[in-house]
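Subject: Structure handover

Hello,

Here is the structure I promised to pass on. My notes follow below it.

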Amino acid sequence: MRLRFGNFLVDDGTRQLLRDGVAVHLSPKAFELLLALLIDRPRALTKAELHQRLWPTTFVSDASLAMLVAEIRTALGESARHPRCLRTVHRHGYAFQAAAETAPESAQASVAPAYWLVTSSRQIPLEPGDNIVGRDPKARVWLDSPSVSRRHAVIRVQDDGAILEDLGSKNGTHAGDKRVTGGICLADGDHLRFGTVDARIKAWTADPTHTESDPL
């Protein structure tokens with residue numbers, strides 16, 4: 001799904017917010033919040049609804065939600081006093097109030113990324129360059145587990161393949177049964193473990209009979 005408003009484009013497939021074609025950084029949770037408000041526009045979503053969507057198994061305070069809203073407003077260049085897109089509904093929740101429309105899929109957007117990191121619940125596209133894996137919400141690959149360090153590891157996607165390196169994590173990074181101590185090359189189907197979080201690398205293929213959604 002690609003939704004356009006003003007000079008912004010939200011691409012659910014690549015999980016990017018673009019302004020005039022240039023990516024604007026949003027943390028994973030902030031992106032999920034923006035997408036939820038866009039999809040349900042112009043309906044105001046209650047704080048309870050948003051908590052359930054963003055943190056279904058974890059209790060967090062309303063301050064965490066407010067911080068995500070502030071992050072989105074900063075990315076969109078607006079403020080709480082003069083909101084163009086995100087409207088605060090006092091004692092209720094938030095709504096997306098700007099006009100938005102579905103944008104056609106571009107030829108570039110229809111091409112799948114070369115590599116994905118697949119967990120039991122998510123498929124995360126890996127971008128060219130460094131993909132930080134960690135508990136930090138700003139990490140490209142965000143893993144919400146106390147066993148994962150804030151900057152746990154990095155998956156470096158290059159033209160000739162993908163390399164995994166541990167970043168001095170407390171509970172270690174494993175490829176198969178071996179703990180990663182230096183850079184190792186990754187291949188399609190490799191089983192990885194970050195702390196106690198299991199994952200698998202999938203390499204994209206043009207074969208339409210092959211999918212990246214097989215269970216772990």
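Cysteines come up first: the count is zero disulfides, where a disulfide is a pair of cysteine sulfur atoms within 2.5 Å. C85 is buried, at 6% relative accessible area. C185 is exposed, at 65%. Here buried means under 20% relative accessible area, exposed means over 50%, and partly exposed lies in between, with a 1.4 Å probe and protein chains only.

Some ground rules. This is a predicted model, so local features need pLDDT of at least 70 and side-chain atom pairs count only at pLDDT 80 or more, while totals for chains, interfaces and linings use all residues. Residues are numbered from 1 along each chain as its sequence is written, and side-chain values use heavy atoms, with hydrogens and water left out. Helices (H or I, at least four residues) and strands (E, at least two) are DSSP runs, numbered from the N terminus. Two strands pair if DSSP finds at least two bridges between them.

The five-stranded sheet

One open sheet has five strands in the order β4-β3-β2-β1-β8, with antiparallel pairing. β4 (22-24) and β8 (101-102) are the edges; each has a single partner strand, so one side of each is left without a neighbour in the sheet. Four bridges join β1 to β2 (residues 8-11), and these two run antiparallel. R2 has D11 of β2 as its bridge partner.

Two helices pack on this sheet. α1 touches β1, β2 and β3 (16-19), and its direction makes about 100° with that of β2. α3 touches β1, β2, β3 and β4, and its direction makes about 30° with that of β3. Contact means heavy atoms within 4.5 Å. Axes are lines fitted to C-alpha atoms, for helices over the stretch in contact, and angles run from 0 to 180 degrees between N-to-C directions.

The helices also pack on each other. The angle between α1 and α3 (residues 62-76) is about 80°, and their axes are 9 Å apart. α1 and α3 are therefore roughly perpendicular; that label covers 65 to 115 degrees, with under 35 roughly parallel, over 145 roughly antiparallel and the rest oblique. From α1, the contact uses K29, A30, L33 and L34. From α3, it uses L65, L68, V69, E71 and I72.

A36 deserves a look. This residue sits in α1 (residues 28-39). A36 is buried, with a relative accessible area of 11%. Leaving aside residues up to four places away in sequence, A36 touches L45 and R53. Its C-alpha atom is 16 Å from that of T14, which is 22 residues away along the chain.

The aromatic cluster

The whole structure holds two aromatic pairs. F5 and F8 are stacked, at 5.6 Å centre to centre with 20° between the planes. F5 and F96 are edge-to-face, at 5.0 Å centre to centre with 75° between the planes. F5 lies in β1 (residues 2-5) and F96 in β7 (residues 93-96), so this pair ties together parts that are 91 residues apart in sequence. The rule: rings of Phe, Tyr and Trp (its six-membered ring) pair if their centres lie within 6.5 Å; planes under 30 degrees apart count as stacked, over 60 as edge-to-face and the rest as tilted.

Ring pairs thus link F5, F8 and F96 into a cluster. F5 is buried at 3% relative accessibility. F8 is buried too, at 5%. F96 is also buried.

Further along the chain

A second open sheet has six strands, in the order β10-β9-β19-β18-β15-β16, and the pairing is antiparallel. Its edge strands are β10 (123-126) and β16 (178-179), each paired on one side only. β9 (residues 115-118) and β19 (residues 197-203) are joined by four bridges and run antiparallel. W116 has K202 of β19 as its bridge partner.

β13 (residues 153-158) has two antiparallel connections to report. Five bridges join β11 (residues 129-134) to β13, and G129 is partnered with V157. Six bridges join β13 to β14 (residues 161-166), with R156 partnered with I163. β13 and β14 form a hairpin with two residues between them.

Best wishes
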